[in-house]
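Take a walk through this fold, one residue at a time. Keep the sequence open beside the coordinates.

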Amino acid sequence: MRLRHKPWAGEKLGQYPQYAIADPETHKGNWAEVFGNPNPIHIEVGTGKGQFVTEMARANPDINYIGIELYDSVIITALDRLIEAELPNVKLLNVNAKDLKEYFEKGDVDRVYLNFSDPWPKNRHEKRRLTYKDFLKLYEEILVDEGEIHFKTDNQGLFEYSLQSFSHYGLLLTYLSLDLHKSEFEGNIMTEYEEKFSAKGQRIYRCEVKYRS
Ligand code: SAM
């Protein structure tokens, strides 16, 4: 993703505490208080400009969504969407996913979404892939028992790598599509990257995996 420096982004995030959570570590184990209800929590790791979490939240008012994004210059667009949409069931965290355990405890999260994660194709960057084993362990440590990861990407290499990584970790594959947009999968919500790549004719790979109890 091309990043434009937006020095004002951090300040604007601070002006909307109802959407951008400034002190997520203080809510560890108590996210129901943030949302004002005990509904399930689904997080998108690497939410980018937030189209997916916003539209998922609109379609599923009984689920709480948290979009997690490293760069404030990117997540600021997600904030603009939320200001416009006025949805009570989405929050944003401008943090690094490697620190997820600082913000969530075991059982806080019901599902992890990974959409069009950066592929990091070079072998020496394997540890940065969000489906690398260390990340799978991290998700397990914040998810409920038998929690799920739902993953989609246009990148065949990352998809193949991730299927292997899930399998080596012992995750159970419960859904697989090698061409999502031509499949019978219902209720797909497109992300920004998905719109961009599918408009170019690229196929979208999707899978769901589940931790074993
Ligand atoms: N999910 C969005 C979509 O499908 O349109 C954005 C995809 S974009 C290729 C990947 C996003 O993940 C980028 O915005 C990047 O900054 C974010 N990201 C990558 N590594 C991350 C990490 N460790 N923690 C939080 N966000 C991360």
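Leucine 173 has a relative accessibility of 44%, so this leucine counts as partly exposed. The model is a predicted one. Leucine 173 sits in strand E6, which spans residues 172-177. On the surface, Leu173 joins Leu176 and Leu178 in a nonpolar patch. Together the three leucines offer about 270 Å² of accessible area.

Next, the charged pairs. Side chains of opposite charge can pair when their charged atoms come close. Across the whole structure, a search finds 13 salt bridges. One of them links aspartate 80 to lysine 12, with the closest N and O atoms 2.6 Å apart. Aspartate 80 belongs to helix H4 (residues 72-85) and lysine 12 to helix H1 (residues 9-14), so this pair ties together parts that are 68 residues apart in sequence. Neither end is hidden or fully open by the numbers. Aspartate 80 has 36% relative accessibility and so counts as partly exposed. Lysine 12 is partly exposed too, because its relative accessible area is 22%.

Which residue does arginine 81 meet in a salt bridge? The partner is glutamate 192, at 2.4 Å from N to O. Arginine 81 lies in helix H4, while glutamate 192 lies in helix H8 (residues 192-199), so the bridge ties together parts that are 111 residues apart in sequence. Arginine 81 is partly exposed, because its relative accessibility is 26%.

Another salt bridge is local. Lysine 98 pairs with aspartate 99, and their closest N and O atoms are 3.3 Å apart. Lysine 98 counts as exposed because its relative accessibility is 52%. Elsewhere, Lys101, Lys137 and Glu141 form one network through salt bridges that share partners.

Now turn to helix H6, residues 133-140. Its buried residues are Phe135, Leu136, Leu138 and Tyr139. These four cover an arc of only 160° around the axis, so they fall on the same side of H6. What covers them? Among the elements over the buried residues of H6 are strand E1 (41-45), strand E4 (109-115) and strand E5 (143-153). Helix H5 (100-103) and helix H7 (156-169) are also included in that cover.

Is arginine 206 buried or exposed? With 5% relative accessibility, arginine 206 counts as buried, because the cut-off for buried is under 20%. Arginine 206 is part of strand E7 (residues 205-210). Its side chain makes a polar contact with the side chain of histidine 150, at 3.3 Å. Beyond its sequence neighbours, arginine 206 touches a set of residues including Phe151, Phe159, Tyr175, Leu176 and Phe185. Leu180 is also among the residues touched by arginine 206.

Follow that last contact. Leucine 180 lies in the loop between E6 and H8. Leucine 180 is buried, because its relative accessible area is 3%. Setting aside neighbours within four places, leucine 180 contacts Lys152, Tyr175, Phe185, Asn188, Glu194, Ile204 and Arg206. Between the C-alpha atoms of leucine 180 and lysine 200, the separation is 15 Å, and these residues are 20 apart along the chain.

Finish at the two ends of H8. Threonine 191 caps the N-terminal end of H8. A side-chain oxygen of threonine 191 lies 3.3 Å from the backbone nitrogen of tyrosine 193. After H8 comes glycine 201, which has a positive phi near 90°.

Notes. Residues are numbered from 1 along each chain as its sequence is written. This is a predicted model: local features need pLDDT of at least 70, side-chain atom pairs count only at pLDDT 80 or more; totals for chains, interfaces and linings use all residues. Side-chain values use heavy atoms; hydrogens and water are left out. Patches are made of residues with over 30% relative accessible area and no salt bridge: like charges are joined within 9 Å, nonpolar side chains (Val, Leu, Ile, Met, Phe, Trp, Tyr) within 5 Å. Accessible areas come from the Shrake-Rupley method with a 1.4 Å probe; for residues, only the protein chains shown count as cover. A salt bridge is a side-chain nitrogen of Lys or Arg within 4 Å of a carboxyl oxygen of Asp or Glu. Buried means under 20% relative accessible area, exposed over 50%, partly exposed in between (1.4 Å probe, protein chains only). The arc is that of the directions from the helix axis to the C-beta atoms. Contact means heavy atoms within 4.5 Å. A polar contact is a pair of N or O atoms within 3.5 Å; within protein, one must be able to donate a hydrogen and the other to accept it, and residues adjacent in sequence count only if both atoms are side-chain atoms.
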